[in-house]
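Okay, thanks for squeezing me in, everyone. Let me put the thing up on the screen and then just talk you through what caught my eye.

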Amino acid sequence: MTAAPAPTATATLPSPGRSRRRGRRPGRAGVSAVTRRQQARLGVLLVAPAVVLMLVFLVFPVLNSVYYVFVDFDGLDTTPPWVGLGNLTELAQDRQMWAAAWHNLIWIVLGTVGPLVIGLGLALLLWGVRRGSTFYRVVFFLPYVLPQVAVGVVWGWIYAPTRGWLNRGLEAVGLDGLTRGWLGDPGTALYAVLGTAIWTATGFVFVIILSALRNVDNEQVEAAMLDGAGYLQRLRHVVLPQILPVFLMVTALTLIGGFAVFDIVFVMTGGGPANATEVLGTYAYSNAFELSRISYGTTLALVVTALAVPVAVWLDRLQRRVSIEERGA
Amino acid sequence: MRISPKVLLGSAVCLLVTACTGQSASDDGGGGGENTLVYLIEQLEDAESLSRLEDHLADFTESSGIEVEVQQLDVDTMRTVLQTRLRSEEGPDVISFGSGPAFAGALAEAGLLYDLTDAYEENGWEVYDFAKERVTYGGRVYGIPGEMETVGLFYNADVFADLGIDPPRTLDDLRAVCRTLTEAGVVPMAFGDQDAWPGSHLLSMALSSAVGADGMEALFAGERSWDSPEVVDALTFWQEANANGWLGESPVSVDYDTMTAQYLSGEAAMIPTGSWFINDLAVGADFESGYVPFPAPGGEGVFAAGLGSGPMIAANTDDPEGAVALLDFFASEEHGQWSVENLQTIPPRPIDTEGLDVDPLLAQVLEDVSALSEGGGQLGYNIDVLMPEAFNEAMFDGVQAVLTGQSTPAEVAAAMQAASQQ
């Protein structure tokens with residue numbers, strides 16, 4: 001026998017659909033339908049400027065870019081010829097593009113792991129430091145807020161073959177054999193630029209992770225210590241899980257930077273010597289603005305976006321899930 | 001206070017209108033007023049140069065009643081936005097831009113430049129024929145050629161005198177000079193190719209001297225291949241020079257400014273670059289310099305020559321007559337004399353330098369160019385101003401690749417030949 005369901009309060013409440021159908025009647029709060037309509041209109045009006053700006057500056061350019069993929073636009077011809085999938089086919093067969101993509105991959109791996117490891121290490125070192133903490137944060141964060149052009153120029157001087165501080169330093173400690181033209185040697189140029197980028201990004205990672213560490217539950221850490229957990233065990237099982245959402249957020253931002261890298265490479269080497277530091281960003285720029293191949297450059301830029309977006313979405317979802325799990329725990 | 005929806009609606013519309021409205025033309029400098037020409041130029045080196053130019057243009061305003069508003073853009077930005085600006089209603093009336101097919105040629109082909117063929121005849125503008133050819137596309141003339149540039153070898157005359165060596169006339173002379181300088185502890189040639197474009201000057205000067213003007217013209221016309229032995233040999237010389245340390249340490253890591261600083265400081269005894277460097281020498285060198293063509297394999301070489309940026313008129317200018325009047329001013333001998341004295345540049349027309357305050361080195365170059373242009377000899381060609389960007393990119397990357405050992409001269413020559421056929 002099945003018991004008849006007992007009448008509940010929710011069963012008697014109107015569903016949202018019903019509520020909308022009854023919109024013309026005065027509501028329980030005494031708000032007239034006319035007022036609600038005015039409120040809705042007002043809402044639309046208030047949102048409209050943002051929507052218009054999004055349409056003009058985001059949606060339209062993206063759609064326009066997609067159009068450029070299928071034509072051969074040189075920046076001059078107002079009626080560019082339709083080439084269908086020609087740009088994509090060329091891209092797939094372009095050895096220089098694959099070389100640039102490989103450089104991006106190196107950049108993504110080292111340019112993400114480097115700042116995360118160094119930034120985390122620095123943050124852990126300075127976690128318990130109270131005296132001079134602001135000073136350390138400012139010093140380490142400063143490279144991140146400096147203009148990339150200035151950073152590139154200054155590091156270009158540091159790497160200079162004869163007068164650069166790096167080679168002078170190596171000579172001073174008797175390592176003359178290691179001196180070289182760091183940015184002119186195809187074997188070292190990419191890593192030299194990458195080193196500069198890691199130096200810049202580390203401060204950002206450090207400051208964010210240090211802030212996250214300040215929110216770690218010290219009682220748990222002390223309890224683990226009392227239970228006999230060593231430093232690495234406490235780090236792995238107590239500290240890192242608590243800062244994981246922030247760590248993932250920082251990872252996502254650094255990783256996406258690896259896809260979109262352009263300015264520091266452009267300033268320091270321009271993609272040279274002979275394409276040894278070419279990344280997809282500089283290759284797209286070179287095609288679009290130096291060779292006037294706007295369509296091919298746009299195709300490259302869209303490919304970078306298409307590669308970066310799924311990774312960003314995945315990391316964002318992962319971060320949310322970890323955050324929810326942590327709150328649930 | 002209760003704000004009515006109408007007031008909010010009005011505010012929102014005002015905000016939207018404000019957000020969507022750009023700065024006024026006067027704010028961003030775009031577009032000139034009535035009887036004002038907008039003259040768009042590549043960024044000048046310093047504020048003093050701009051001040052001198054504006055003072056000079058004041059003379060034009062005084063004689064013509066036409067104001068000239070000078071706007072500047074750095075070279076890269078200019079190349080990126082110029083086409084858009086020339087199409088816009090707020091675009092410049094007159095521009096100063098590079099001649100050659102990749103620069104003014106592309107604009108002319110797109111119908112963005114004003115045809116000056118008739119204006120040449122009506123105003124009797126006098127320029128060297130070869131310079132006029134560089135602004136002629138499809139049989140129509142689209143600009144006044146800009147300053148001329150020659151590319152060759154500057155040498156520190158004091159160091160050469162101290163070491164008892166003469167300026168090199170042949171490639172073997174140059175090798176001997178480099179060896180003597182190296183033994184004396186002096187870097188033979190200051191060179192930096194981090195910016196990539198200086199590499200094209202190495203090839204231009206070595207190749208011009210090796211094959212002469214006719215040979216260069218055959219290359220440009222496609223009658224001679226870019227992977228011919230002379231091109232490979234020219235690249236091979238620079239490979240040899242780099243391998244022997246004659247270009248200093250890791251030249252591909254050195255930028256143009258550092259390269260010139262190496263010469264001006266006396267660290268290096270020679271510098272392969274162009275006549276625009278005379279201005280730097282006048283300001284920054286405390287020693288005497290000489291300037292010779294790059295040596296040829298079997299004898300004396302020739303200067304490689306090219307044209308810098310020159311004035312052209314936008315096709316959609318509101319005031320073509322005023323713009324032509326401004327170009328008439330730029331084509332005058334007086335303007336040529338002014339540019340020699342104030343900008344240390346070589347006008348693309350014969351001028352009388354008597355009584356002018358001219359650097360002796362520039363005076364020598366002016367005489368040489370004048371004699372050469374009037375049939376007294378040959379001039380080679382600066383390649384990158386005459387070839388399309390795809391070729392230039394292959395050449396820029398190629399010279400870097402030769403200097404860093406990434407490619408052989410033969411491979412680079414083959415890549416240039418392939419690029420020339422695109």
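**A walk through chains A and B**

Let's begin on the outside of chain A, where V47(A), V51(A), L53(A), M54(A), L55(A), V56(A), F57(A), L58(A), V59(A), V62(A), L63(A) and V66(A) make a nonpolar surface patch of about 1000 Å². Before anyone asks, yes, this is a predicted model. Take L53(A) from that patch: you'll find L53(A) in helix α3, residues 33-69 of chain A. With a relative accessibility of 31%, L53(A) counts as partly exposed; the patch needs over 30%, so L53(A) qualifies at 31%.

Okay, the fold of chain A. How many helices and how many strands does chain A have? It comes to 14 helices and zero strands, so if you read along the sequence you just get α after α. Of the 329 residues in chain A, 38% count as buried.

One backbone detail while we're here. The peptide bond that runs from G272(A) to P273(A) is cis, with omega near 0°. If you want to find it on the screen, P273(A) is in the loop between α12 (263-268) and α13 (280-290) of chain A.

Now the aromatics. Searching the whole structure over all chains turns up 32 aromatic pairs. One of them is Y67(A) with Y68(A): the ring centres are 5.8 Å apart and the planes sit at 45°, so that pair is tilted. Are those two buried or exposed, or something in between? Y67(A) is partly exposed, at 36% relative accessible area, while Y68(A) counts as buried, at 18%.

Another tilted pair is W155(A) and W199(A), at 5.4 Å centre to centre with 55° between the planes. W155(A) lies in helix α7 (residues 148-158) and W199(A) in helix α9 (residues 189-214), so this pair ties together parts of chain A that are 44 residues apart in sequence. W155(A) counts as buried, at 17% relative accessibility, and W199(A) as partly exposed, at 36%.

Over in chain B, ring pairs link F154(B), Y263(B), F277(B), F287(B), Y291(B) and F303(B) into a cluster.

On to the charges. The same kind of search, whole structure and all chains, finds eleven salt bridges. In chain A, E90(A) pairs with R293(A), with the closest N and O atoms 2.8 Å apart. Which parts does that bridge tie together? E90(A) is in helix α4 (residues 86-93) and R293(A) is in the loop between α13 and α14 (294-328), so it joins parts of chain A that are 203 residues apart in sequence. E90(A) is partly exposed at 30% relative accessibility, and R293(A) is partly exposed too, at 26%.

Chain B has R169(B) and E300(B) meeting in a salt bridge, 3.0 Å from N to O. That one also links distant parts of the chain: R169(B) is in the loop between α8 (157-163) and α9 (171-183), E300(B) is in the loop between β9 (289-292) and β10 (304-307), and they are 131 residues apart.

Then there's D172(B) with R175(B), a salt bridge at 3.0 Å, N to O. Those two are three residues apart in helix α9 of chain B, so about one helical turn separates them. Shared partners bring in E240(B) as well, which gives one network of D172(B), R175(B) and E240(B).

Staying with charge on chain B, there's a negative surface patch formed by E45(B), D46(B), D195(B), D257(B) and D280(B). D195(B) is in the loop between β7 (187-189) and α10 (197-221), and at 34% relative accessibility it counts as partly exposed.

A196(B) is in that loop between β7 and α10 as well. What's phi doing there? It's near 75°, a positive value in a residue other than glycine. A196(B) counts as buried, at 14% relative accessibility. S250(B) also has a positive phi, near 45°, and S250(B) lies in the loop between α11 (229-243) and α12 (256-264) of chain B. S250(B) is partly exposed, at 22%.

Last stop: P145(B), in the loop between β5 (140-141) and β6 (148-156) of chain B. P145(B) is buried, with a relative accessible area of 3%.

That's my tour, so over to you for questions.

Technical notes:
Residues are numbered from 1 along each chain as its sequence is written. Chains are lettered from A and ligands numbered from 1 in the order in which they are written. This is a predicted model: local features need pLDDT of at least 70, side-chain atom pairs count only at pLDDT 80 or more; totals for chains, interfaces and linings use all residues. Side-chain values use heavy atoms; hydrogens and water are left out. Patches are made of residues with over 30% relative accessible area and no salt bridge: like charges are joined within 9 Å, nonpolar side chains (Val, Leu, Ile, Met, Phe, Trp, Tyr) within 5 Å. Accessible areas come from the Shrake-Rupley method with a 1.4 Å probe; for residues, only the protein chains shown count as cover. A salt bridge is a side-chain nitrogen of Lys or Arg within 4 Å of a carboxyl oxygen of Asp or Glu. Lys and Arg count as positive and Asp and Glu as negative; His and the chain ends are not counted. The place of a charge is taken as NZ of Lys, CZ of Arg, CG of Asp or CD of Glu. Helices (H or I, at least four residues) and strands (E, at least two) are DSSP runs, numbered from the N terminus. Buried means under 20% relative accessible area, exposed over 50%, partly exposed in between (1.4 Å probe, protein chains only). Rings of Phe, Tyr and Trp (its six-membered ring) pair if their centres lie within 6.5 Å; planes under 30 degrees apart count as stacked, over 60 as edge-to-face and the rest as tilted.
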